[in-house]
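Notebook open, coffee poured. I want to go through this chain piece by piece and jot down what I find.

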Amino acid sequence: MPGDVETLAGQWRSARPPVAGIHADSAACSRQSFAVIDAASRHATHEAEVGGYVAAEAAAPALDAGRAAVRALTGMVDAEVYFTTGSNHGLDILLSSWPGERTLACLPGEFGPNLKIMAHHGFEIRELPADEFGRLDLGALGSALTSHLPALVHFTVLGSHSGIVQPAHAVISACRAHGIPVIIDAAQGFGHLDLADLGAADAVYTSSRKWTAGPRGVGVLATRPGLLPDYPRQQLAHAETNVGLHVGFSVALGEHVAFGPAAIQARLREVGAATRAALDHVAGWRVREHADEPSATTTLRPPDGVDPMQVRSRLLAEHSILTTYLGVERAPREMHQPALRVSPHVDVTDEDLAAVAAALAAVTR
C-alpha cells in the first residue's frame, strides 16, 4: 500500500480497541473509536455529577459542532438538523407528518423496513426505472416522473443489499425540474460516499453506526427550513433523549472530518475494488458489483445449494470473521435469493482479505 494509505489505515485502526478477528461488517455497524466511547462515557459521568439537564446544556457546543458537520457533509448549508434514534426514526418522522397526497416513488431495491414504514403511513408506492443491476435508469427517469407524477420521491443512495452507487444528484435535479420533493436515505452512503451535493434535497437522514463509526441507537435528520411541522420538531427536541449518544456521534463526525472525507472516500473505493478482486469466484461465489464500483460494499451471491446464513455463522464461529447475511426481506422487490455482504473499513489489509477468501473457501466446502 502507498504510504498515505498506510497512514490513514494505521491511524484509523490505532484510534480503536484491537479487533477480535476481522471486522468486515461496516455497512451494518463500524467500530467506535476510543474518543467516541470516552465522550459518551464522560457525558454519563457528568450527568451523575451535575444532573442530566445541566449536563445537556453543557453538551450544546459539541452537539452544534455535530450538526455543522452534517450540514457540511451533505451540502445542506441552511438545514435544520435533528438527532434521532436512527434511520427508521427519521423516515417515520418525515412520512407521519407529510401533509399532501400520499404517493411515493422509489427504486425497486428499496430497503424492506422502509417499505413497511411507507405502507404504515398509507403511501402508495410506485417504482422508479432501473437497469439490470438495480441502478436508476436516468434515460427513463423523466418520462416515469411525468407519466405517473408522484407526490414525493424517496431515494436511497446506496442499498443495504447491494454496493451499487445511485446517482443522487441527478435525481434531485430531475425532481426539482418537476416540482417533486425528494427525501434521501443516506444510511449506507453517509461517510462512505461524497454526498456534498445534496443541498437541494428536501430531507436527508442517516444513522450513526455505519461508515461514520458512531454509537448505535442514534441518527440524524436534516431538512430544509420549515419542512417539519411544529409537533414533530417538538418531539425531536424533547428533553428525554440520550444526549450521551448524541455527543458520541458528534465526536465521530469530528473525527471523520479531521481524517478528511475525501481521503476516506478514496480509500473506501480502493477497499471495495480489493475486496471484489479477492473474493470473486472463490469456491463458486460471485460478486454482484462491477470491479470498479465506487463503494466498499461487496455483495456475494452463493453457489447452488449453499446457505449464506450458515456461511456467515461459520465464518464468525470458526474464523472470527464478521460479515452480514442478506435475506430477501432486505429488498423484497428486487432480491430473489439470499446473499452475503462483506464491507470492511479503511483499515483492512491485503492479509485480512486473503484470510477472508481462505475462510470463505473452507466453510463453503
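Before I talk about packing, I need a cut-off: I call two residues in contact when heavy atoms lie within 4.5 Å. I also keep in mind that this is a predicted model.

**Entry 1: helix H2**

I started with helix H2, residues 34-50, and checked its length. At 1.5 Å a residue, its 17 residues should span 24 Å, and the end C-alpha atoms are 24 Å apart, so the two agree.

Which residues of H2 are buried? I found Val-36, Ala-39 and His-43. They sit on the same side of H2, because the arc they cover around the axis is only 55°. That fits the textbook rule: an α-helix has 3.6 residues a turn, so residues three or four places apart point the same way.

I then looked at what those buried residues of H2 pack against, and noted helix H3 (52-58) and helix H10 (243-259). On the other side of H2, I have Arg-42, Ala-48 and Glu-49 down as exposed. Just after H2 comes Gly-51, where I read a positive phi of about 100°.

**Entry 2: the aromatic pair**

H10 came up again when I looked for ring pairs. I got one aromatic pair in the structure. Its members are Phe-83 and Phe-249; the ring centres are 6.3 Å apart and the planes at 75°, so I logged the pair as edge-to-face. The pair links distant parts of the chain: Phe-83 belongs to strand E2 (residues 80-84) and Phe-249 to helix H10, 166 residues apart. Buried or exposed, these two, Phe-83 and Phe-249? I have both down as buried.

**Entry 3: the record**

I looked up the UniProt record too. An unreviewed entry there places "domain: Aminotransferase class V" at residues 24-232. In the model, I see 39% helix and 15% strand over that span, with the end C-alpha atoms of residues 24-232 lying 36 Å apart.

**Entry 4: strand E7 and its neighbours**

How many residues of strand E7 (residues 203-207) are buried? I counted five of its five. Ala-203, Tyr-205 and Ser-207 point one way from E7, while Val-204 and Thr-206 point the other way.

Next I checked the partners of E7. With strand E6 (residues 182-185), E7 pairs in the parallel sense over three bridges; there I noted Ile-184 with Val-204 as its bridge partner in E7. With strand E8 (residues 219-223), the pairing of E7 is antiparallel, over five bridges. Here Ser-207 has Gly-219 of E8 as its bridge partner.

**Entry 5: a sheet further along**

I traced an open sheet of four strands in the order E9-E10-E13-E12, with antiparallel pairing. Which strands are at the edges? I have strand E9 (286-287) and strand E12 (324-326), each pairing on one side only. Between strand E10 (residues 298-301) and strand E13 (residues 339-342), which run antiparallel, I found three bridges. One pairing to jot down: Thr-299 has Arg-341 in E13 as its bridge partner.

**Entry 6: Ala-354**

Last stop, Ala-354, which I located in helix H13 (residues 350-364). Its relative accessible area is 48%, so I marked Ala-354 as partly exposed; over 50% would have counted as exposed. I also took one distance: the C-alpha atoms of Ala-354 and Gly-305 are separated by 24 Å, and these residues are 49 residues apart along the chain.

How values were computed: Residues numbered from 1 in each chain as written. Predicted model: local features only at pLDDT ≥ 70, side-chain atom pairs only at ≥ 80, totals over all residues. Heavy atoms only, no water. Helix = DSSP H or I, 4+ residues; strand = E, 2+ residues; numbered from the N terminus. Expected span 1.5 Å × (residues − 1). Buried < 20%, exposed > 50% of the residue type's maximum accessible area, 1.4 Å probe, protein only. Arc of directions from axis to C-beta. UniProt positions renumbered as here; feature names shortened; annotations may be inferred. Pairing = 2+ DSSP bridges. Phe/Tyr/Trp six-rings, centres within 6.5 Å; stacked < 30°, edge-to-face > 60°.
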